[in-house]
Amino acid sequence: MTILSLARFQFAMTTVYHFFFVPFSIGTAFIVAIMESMYVSTKDETYKKMAKFWGNIFLLSFAVGVVTGLIQEFQFGMNWSDYSRFMGDIFGAPLALEALLSFFIESTFIGLWVFTWKKVKPGLHLFFIWMTSFGSLTSALWILTANSFMQHPVGYEIKGGRAVMVNFGALLKNPQLWYEFGHVILNAIMMGGIIIAGLTAFQLLKNQKLSEANKKFYKKSMRLGLLVSLIFSIGGIALGDAQMQYLIKEQPMKFAATEDVFTTTGKHAPWTIVGIADMKGHEVKGNIDIPYALSILSYHKTTGAVTGMNELNAQYKKKYGKNLDYYPPVNTLFYSFRIMCAVGAWIFLVSLVGLIMTREKSKKPLAQRRWALWCIAITTFLPFIGNTAGWFVTEFGRIPWTVYGLFTIAESVSPNVSVGSLLTSNIVYFVLFTTLAITLIWLIVLELRKDPSEAIEPKFKKVLDPFDKEAF
Amino acid sequence: MSFLQLLWFVLIGVLFAGFFFLDGFDYGVGMAVETLAHNESERDQLVRTIGPVWDANEVWLITAGGAMFASFPYWYASLFSGYYLILMIILAGLIIRGVSFEFRKNSPMSQKRIWDWALAIGSAIVPFFLGIMFVSMIHGMPIDANGNFHAGFFDYFNWLSVVGGIALLLLTYLHGINYIALKTTGPVQERARNYAEFLYWILYAGEVVFALLLIFMTDFMAVHPVGTIIMLILIVGFSVLAQVETFAGHELIAFISSGLTLVSLVVLIFIGLFPRVLISSISPKYSILIQNASSTEYTLTVMTIATCCLLPFVLAYTIWAYWIFRKRIAMPAIPEVK
């Protein structure tokens with residue numbers, strides 16, 4: 001165990017945990033805001049119940065998302081101090097702006113939203129949840145601005161041994177950012193939709209006899225969840241495809257690794273469905289190929305060569321002059337990419353078929369088709385896997401760089417933090433996060449067992465003493 | 001040193017001061033959940049006083065960290081890697097208390113107590129170890145020519161830093177007690193007053209010891225004698241004012257005074273540091289200076305414009321939120337039945 005491997009493991013572990021909850025809460029906040037909007041515009045109490053019921057689950061995931069995120073801002077300095085010195089001039093600004101613009105809005109308005117159901121007019125209360133959602137959506141924008149720079153540096157110069165910002169606007173105009181942001185946000189909202197639909201499916205499977213009010217509640221939740229996940233999965237898939245077109249040009253090494261292309265293809269590139277990359281011999285073994293398909297996937301036509309990793313590696317050796325190989329972990333990228341795509345496609349399919357089954361005209365309502373409910377229920381867990389796989393492609397594909405072409409991972413680590421300290425923090429964070437995740441799942445299960453038609457009252461039945469003087 | 005570098009040094013101080021003023025009482029209330037409340041209703045009552053605001057208050061810390069990264073990356077990198085294990089403990093404290101609010105609300109009765117304790121312990125860990133960190137930082141740390149710490153146990157934990165940690169713990173606790181007196185009614189409020197009456201005497205003793213240790217163990221008196229003495233007097237002065245106003249029943253003034261005590265402590269630290277951001281105990285020439293630690297003028301300009309545009313809004317809706325939640329919290333009349 002070296003400081004480098006431990007620091008890398010910790011970063012991967014904590015960000016993966018963090019990103020279980022981030023899109024979960026971004027997505028559910030957005031949908032809860034839609035539910036409350038429906039309540040305010042239609043005055044249908046069912047929507048209010050929905051906003052409160054699913055809002056509680058949003059709050060639980062938000063709490064864990066916040067605390068797992070705290071670590072992220074600290075660990076750049078703690079574990080990657082040389083990276084922070086090299087990149088601070090550029091990387092710090094989006095982080096500070098994320099706090100100043102997004103976190104303040106998110107945390108202030110979430111407090112207002114939770115505690116003012118009875119205090120303020122419905123319209124104002126609705127404003128609070130939309131502000132919360134706005135805060136969480138923009139926070140993704142800022143952190144992805146920072147990440148996009150690492151993937152594709154723009155608007156900078158190297159001065160005095162560090163990268164300095166010369167054009168802030170260029171950071172925000174980075175095309176990498178808008179592909180990433182679109183893909184992440186659309187999929188986060190899709191995730192919220194499919195989680196609400198999936199958890200509803202679990203309830204329908206468990207409770208055969210529902211009151212009319214609860215039937216209405218679950219039916220509306222199911223339809224809204226599936227509708228949102230259908231719309232946003234289409235968007236997510238489309239942007240994912242656009243992002244790959246962009247990768248071919250900007251990060252050809254990453255792209256070649258996701259498709260197991262070691263040697264540059266002919267003009268009709270075949271697509272490898274499965275295969276094992278041999279990282280020593282730099283070739284693919286046991287592969288099953290479909291002719292022409294990679295050209296079609298890459299360029300949306302039958303002709304088009306894809307540059308192989310061997311050729312790119314030779315180019316990079318010349319270009320960057322470091323005594324390094326530039327192959328990312330090919331098998332990880334190859335299979336992560338396939339898992340991500342499969343999850344996306346499956347969610348699209350489930351949402352589409354599920355939505356058709358919930359139509360009024362449907363011969364047999366969805367609530368009575370147990371196999372269909374099971375499919376939706378199981379899908380609850382898939383976005384977590386898909387998201388992680390997606391980030392694996394993005395981040396493992398950056399190896400050996402932290403900042404593409406500028407700064408390597410080995411140069412980034414804190415030189416003065418000991419193996420013992422790193423091992424301790426790895427264990428502490430792992431144990432803490434695992435405990436939190438298990439508790440969260442348990443509390444969500446408890447929450448789901450509650451009857452949604454018993455109005456979800458806030459904890460304090462009599463919070464304020466109306467005869468008391470005001471504090472200020 | 002340019003104007004913008006000075007401005008951002010001050011702004012980092014303002015953000016930390018804001019953090020201690022606002023989130024300080026959250027830690028105090030968190031600790032009070034296990035030390036002041038006698039039963040579940042009272043615990044709920046206390047948590048309810050900070051329920052809507054604690055999260056936004058904590059963002060001041062996040063913003064201070066982010067702003068330090070953006071404006072003084074060399075300070076951020078050296079400080080955060082140098083205090084690796086201390087920060088890990090602080091993070092663990094922030095994590096367990098951060099989830100405790102939602103978890104205690106949703107947990108069944110048997111497990112609710114776990115999260116009450118998580119809230120109280122986390123709320124004690126954070127100010128104590130932040131005190132250790134900031135005070136050992138002004139004591140000077142073994143920083144090498146590359147800005148890296150090579151510190152041992154006694155660099156982190158010495159008389160000065162431990163007294164500093166305890167003092168900060170006590171200050172946040174009293175700040176929380178004053179907040180409780182301001183925001184509640186009933187037996188909890190009475191008890192908060194009694195606690196304050198007693199604890200301020202301990203605080204004075206702590207402040208005197210801290211002042212003496214600071215004078216003899218740091219170079220503050222050599223570098224900034226006037227500023228140091230003024231701030232030490234202000235710290236004691238605001239403490240006395242807070243206690244007097246508590247007796248007089250002016251809860252708002254008492255609360256603001258205990259907040260200003262914390263602010264004065266931050267100002268003292270930043271005055272003593274100036275023009276350095278980190279003090280090397282190996283050699284003064286390894287100390288990290290404001291002028292060497294900062295980002296470029298361009299980045300500082302971008303950050304200044306962004307802050308000028310955004311901070312007024314932040315302050316406006318923060319004040320609005322406090323206004324909406326201005327009422328006192330009475331003990332819930334009907335205990336929650338699960």
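Here is a quick tour of two chains, A and B, and the contact between them. Keep in mind that this is a predicted model. Chain A brings 66 residues to the contact and chain B brings 71. On the chain B side, helix H5 gives the most, with 15 residues.

**Where the chains meet**

- Six helices of chain B each put two or more residues on the side that touches chain A: H2 (40-50), H3 (54-71), H4 (73-82), H5 (84-106), H8 (159-183) and H14 (297-324).
- Sort that side of chain B by class and you get 44 nonpolar residues, 17 polar ones and ten charged ones.

**Helix H5 of chain B**

- H5(B) runs for 23 residues, and its first and last C-alpha atoms are 33 Å apart, close to the 33 Å expected at 1.5 Å a residue.
- There is a bend in H5(B) of about 40°, and it sits at Ser100(B).
- H5(B) is largely enclosed by the rest of the structure, because 20 of its 23 residues are buried.

**Chain B as a whole**

- Chain B is built with 14 helices and two strands.
- Its radius of gyration comes out at 20 Å, close to the 20 Å that the globule rule gives for 338 residues, so chain B is as compact as a globular protein of that length.
- Measure it along its principal axes and the C-alpha trace of chain B spans about 65 × 40 × 35 Å.
- Of the 338 residues in chain B, 62% are buried.
- Looking at chain B contacts with a separation of 6 or more, 78% join residues that are 24 or more positions apart.

**Transmembrane annotation on chain B**

- An unreviewed UniProt entry places the feature "transmembrane region" at eight stretches of chain B, listed as residues 6-22, 83-103, 115-136, 156-177, 198-216, 222-241, 253-278 and 298-325.
- Over residues 156-177 of chain B, the model is 91% helix and 0% strand, with 29 Å between the end C-alpha atoms.
- Residues 253-278 of chain B are 81% helix and 12% strand, and the end C-alpha atoms of that span lie 35 Å apart.

**Chain A as a whole**

- Chain A has 15 helices and six strands.
- For its 472 residues the globule rule gives 23 Å, and the radius of gyration of chain A is close to that at 24 Å, so this chain is as compact as a globular protein of that length.
- The C-alpha trace of chain A spans about 75 × 60 × 40 Å along its principal axes.
- Buried residues account for 49% of the 472 in chain A.
- In chain A, 78% of the contacts with a separation of 6 or more are between residues 24 or more positions apart.

**Helix H2 of chain A**

- H2(A) covers residues 45-79, and at 1.5 Å a residue those 35 residues should span 51 Å, which agrees with the 50 Å between its end C-alpha atoms.
- H2(A) has a bend of about 35° at Glu73(A).
- This helix is mostly covered, with 30 of the 35 residues of H2(A) buried.

**A closer look at Trp130(A)**

- You'll find Trp130(A) in helix H4 of chain A, which covers residues 122-151.
- Trp130(A) has 18 other C-beta atoms within 10 Å, so it counts as partly exposed.
- Ile110(A) is 20 residues away from Trp130(A) along the chain, and their C-alpha atoms are 9.6 Å apart.

Technical notes. Residues are numbered from 1 along each chain as its sequence is written. Chains are lettered from A and ligands numbered from 1 in the order in which they are written. This is a predicted model: local features need pLDDT of at least 70, side-chain atom pairs count only at pLDDT 80 or more; totals for chains, interfaces and linings use all residues. Two residues are in contact if their C-beta atoms, placed from the backbone, lie within 7 Å. Helices (H or I, at least four residues) and strands (E, at least two) are DSSP runs, numbered from the N terminus. Ala, Val, Leu, Ile, Met, Phe, Trp, Tyr, Cys and Pro count as nonpolar, Asp, Glu, Lys and Arg as charged, and the others, Gly among them, as polar. UniProt positions are given in the numbering used here, feature names are shortened, and annotations may be inferred rather than shown by experiment. The radius of gyration is taken over C-alpha atoms; the globule rule is 2.2 Å times the number of residues to the power 0.38. A residue is buried if 20 or more other C-beta atoms lie within 10 Å of its own, exposed if 12 or fewer, and partly exposed in between; C-beta atoms are placed from the backbone. The expected span of a helix is 1.5 Å times one less than its number of residues. The bend at a residue is the angle between axes fitted to the seven residues ending there and the seven starting there.
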